[in-house]
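Here is a short set of exercises to work through with the model open in your viewer. Try each task before you read its solution.

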Amino acid sequence: GQDWDAASNSETMATILLQNLLIQLDEQLDRVFQEKNFLLRHNLKRIKQHLQMWIDAIIEANIGIIAGAKANMGKYHGNPMHMAVVVSNCLREERRILAAANMPVQGPFEKSLQSNVVSERQRTVEHKVTAIKNSAQMTEQDVKYLEDLQDEFDFRYKTLQTREQGDKNNFLMRQEVYKLQEMLNALDHKRKEALSKMAQIVNESDMLMNGMLTEELLDWKRRQQIACIGGPLHGGLDQFQNWFTLLAESLFQERRQLDKLDELSNKVTYEGDPIPLQRPHLQERVDFLIYSLFRSSFIVEKQPCMPTHPQRPLVLKTGIQFTVKLRLLVKLPELNYQLRVNATIDKNASFIVSNRRFVLLGTHSKVMNMEESANGSLSLEYRHLQPKEMKSSAGNKGNEVSHMVTEELHSITFDTHFSLYGLTIDLETSSLPLVMISNVSQLPNAWASIIWYNLSTNDPQNLNFFSNPPAAPISQLMEILSWQFSSYVGRGLNSDQLSMLAEKLMGQQVSYSDCQVSWGRFCKEHVPGKSFPFWTWLEAILDLIKKHLLPLWIEGCIMGFVSKDKERAMLKDKMSGTFLLRFSESNLGGITFTWVDHSENGEVRFHSVEPYNKGRLNALPFPDILRDYKVIEAESVPENPLKYLYPDIPKDKAFGKHYNSQPNEVSRPTEKGGKGYVPAVFIPISTIPPDESTSPCSPLDLLPMSPSVYAVLREHLSPTEIETAMSSPCAAE
């Protein structure tokens, strides 16, 4: 496969992969256009014409990535690494979706995010927003009718005023006065009615904003927290934008109507006029709701993240650029290019439990607009900010707190202000708490802090969280650990694998449902009998999969997390040569395999090879090791004991497509390699002493030996003598 993750950090590699993608794109389009599927051909043409406008939506849905890449190449031509990041994220989301399809059981978090109650509430919010908008429109008609009625009253009243005094006493004049009194009564009634309807709209807007709409926004922010640590991707901002914009339009319409009533009252007023009595209070409430609506609508759409580590948001390294995207959910044309946003880090430094101080380098002041985003939202994205640590004075050195660097939480604040229709509004929002590191070796523990924070609290700004971090329910923690695998390496964990992890964390329990895991046990305390914490062990496995085992993990070839007792129980009744792959519990970042065989007297024997780590896997791919692996057992011909991947899949069927080289055929001594050298190969070999058949094999893994030398040894030495020679100190050296 093509490593788009690596390409996102290498311009040369990104350029090469994009060129290959263009070639593949042309081939696919030629094939499609040769088919007789006219609808597909038509749709492809339409997609090519309009793709520029909605490419982001296509990438999010992972639809039409091939056509999308070509149509959008002009946009990313000057920055191939940016395009590589887009493709990498798309492929990662595809793996997550496929992994989710293989994991039908939902955990408590995912179930809560997909609650039917939430969907019903969204429908209710949609209905109420629409009703408020319609009511504001109807009130607009009422005010217009009121204005017409008042104009007629004013005209007739002024006409009456111009009459002679004597004329005012006749019968017709008395009728006219009576008519004017009726009109004034109607005018008063309509004014009270309009004000009552406006008050009702304000009340309904207030209840909606402080009730269901706030709950929906808080739920979205919680879903964003969960998505940051690998959970299901959140969405729905376009729906929020529709709600917020309609409400803002309705409230501004109410404000204009109140201004109109004030104008009408200045022209015609009378004793008991309701407008001077009620309008100021209504105006104050409308203005307050507008302020509140705008402040709620200013959000961080995409949390700070280094492009080099897209699966680890909220961890920033000094000197490395990061991206962050802001959005105003009230989308009004009058605000385009009117909001200049400033970014600062640790604005409220007095609340930070750290003596380290940072500044942001790069362009930290930008203007929000509707042109940069594909969906036309009012937003901005910072792409070139980078944190720099300020040198602390000697006086601060004595006040060091006990927190580790990776437990110090920081925050980036964004603020702006604008004037609209006579209102001046100040806005401020902040990122979720983030961890600042100065060395990439701190990334695993920093990410553990981000996981624990967002698992444990929905408080968006508790920067003192690690002063007393709470314990976490193990059921929720296990679900989030599965997300680490689905988001980072494309396949989550099943219930058996999670049970093994729970046992490793908590020891054997009758039930884990009520267990709580402390922060220390998860990340800081050593696993019993080991020299490393649980999270360090798990992170090393994730790194091993990502770099060396990804296709095998995604396809489910690696059982991975299984105890030795269960491993033997699973293998004991299987055919000889049946094996399974699991991660080492004793070594960091190691994978081993265990196979079963049966002696002539029916004895069941298990063999586990010493774990392979990154160093060995750098020299030879793991599928090739499984193919070429040999065992030398007393007086036996060396052979590969691995026949069937558990439960009964032939080895070559399971791994054949992943072999990177031809099988290592033994050459005769007369055969010569290139440039006069005898060809050499790596042969993974283990020896099994006669009396230790159930002990872990002691491998001379990846022993460099030419086929010719091996053939000579086979002709002149017995297997026992070969074993003795390879076990000697000279061979080991």
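**Exercise 1.** Which strands does helix 17 lie across, and at about what angle does it run to strand 13?

*Solution.* Begin with the ground rules. This is a predicted model, in which local features need pLDDT of at least 70 and side-chain atom pairs count only at pLDDT 80 or more, while totals for chains, interfaces and linings use all residues. Residues are numbered from 1 along each chain as its sequence is written, and side-chain values use heavy atoms, with hydrogens and water left out.

Next, find the elements. Helices (H or I, at least four residues) and strands (E, at least two) are DSSP runs, numbered from the N terminus. Helix 17 covers residues 534–554 and lies across strand 13 (578–583) and strand 14. Its angle to strand 13 is about 145°, with axes fitted as lines to C-alpha atoms (for helices over the stretch in contact) and angles from 0 to 180 degrees between N-to-C directions.

Helix 18 (residues 564–571) also packs on the sheet, where it touches strand 13, strand 14 and strand 15; a contact means heavy atoms within 4.5 Å. The direction of helix 18 makes about 160° with that of strand 13.

**Exercise 2.** Work out the strand order of the sheet that holds strand 14, then follow Trp595 across it.

*Solution.* Recall that two strands pair if DSSP finds at least two bridges between them. The order is 15-14-13-17-18, an open sheet of five strands with mixed pairing. At the edges, pairing on one side only, are strand 15 (604–608) and strand 18 (649–650).

Now take strand 14 (residues 591–598). Five bridges join it to strand 15, and the two run antiparallel. Strand 13 is also antiparallel to strand 14, again with five bridges. Trp595 has a bridge partner on each side: His607 in strand 15 and Phe579 of strand 13. One position along, Val596 stands opposite Phe606 in strand 15.

Finish with the turn and the cover. The hairpin of strand 14 and strand 15 has five residues between the strands, and there Gly602 takes a positive phi near 90°. Seven of the eight residues of strand 14 are buried, that is, under 20% relative accessible area (exposed is over 50%, partly exposed in between; 1.4 Å probe, protein chains only).

**Exercise 3.** Describe the sheet that contains strand 4, and explain why strand 6 and strand 9 each have a side without a neighbour.

*Solution.* First, the order: four strands, 6-4-8-9, form an open antiparallel sheet. Strand 6 (365–367) and strand 9 (423–430) are at the edges with a single partner strand each, so one side of each has no neighbour in the sheet. From one strand to the next, the twist averages 20°.

Second, the middle: strand 4 (residues 340–345) and strand 8 (residues 412–420) are joined by four bridges, and Ala343 faces Phe414 of strand 8. Third, the helix: helix 12 (residues 274–297) packs on this sheet by touching strand 8 and strand 9, at about 30° to the direction of strand 9.

**Exercise 4.** Where does the model call for caution?

*Solution.* Check pLDDT, the predictor's confidence in each residue, from 0 to 100. Its mean over the chain is 80, and 73% of residues reach 70 or more. Residues 44–78 have pLDDT below 50, with 44 contacts beyond near neighbours in sequence. Residues 698–710 are also below 50, with 50 such contacts.
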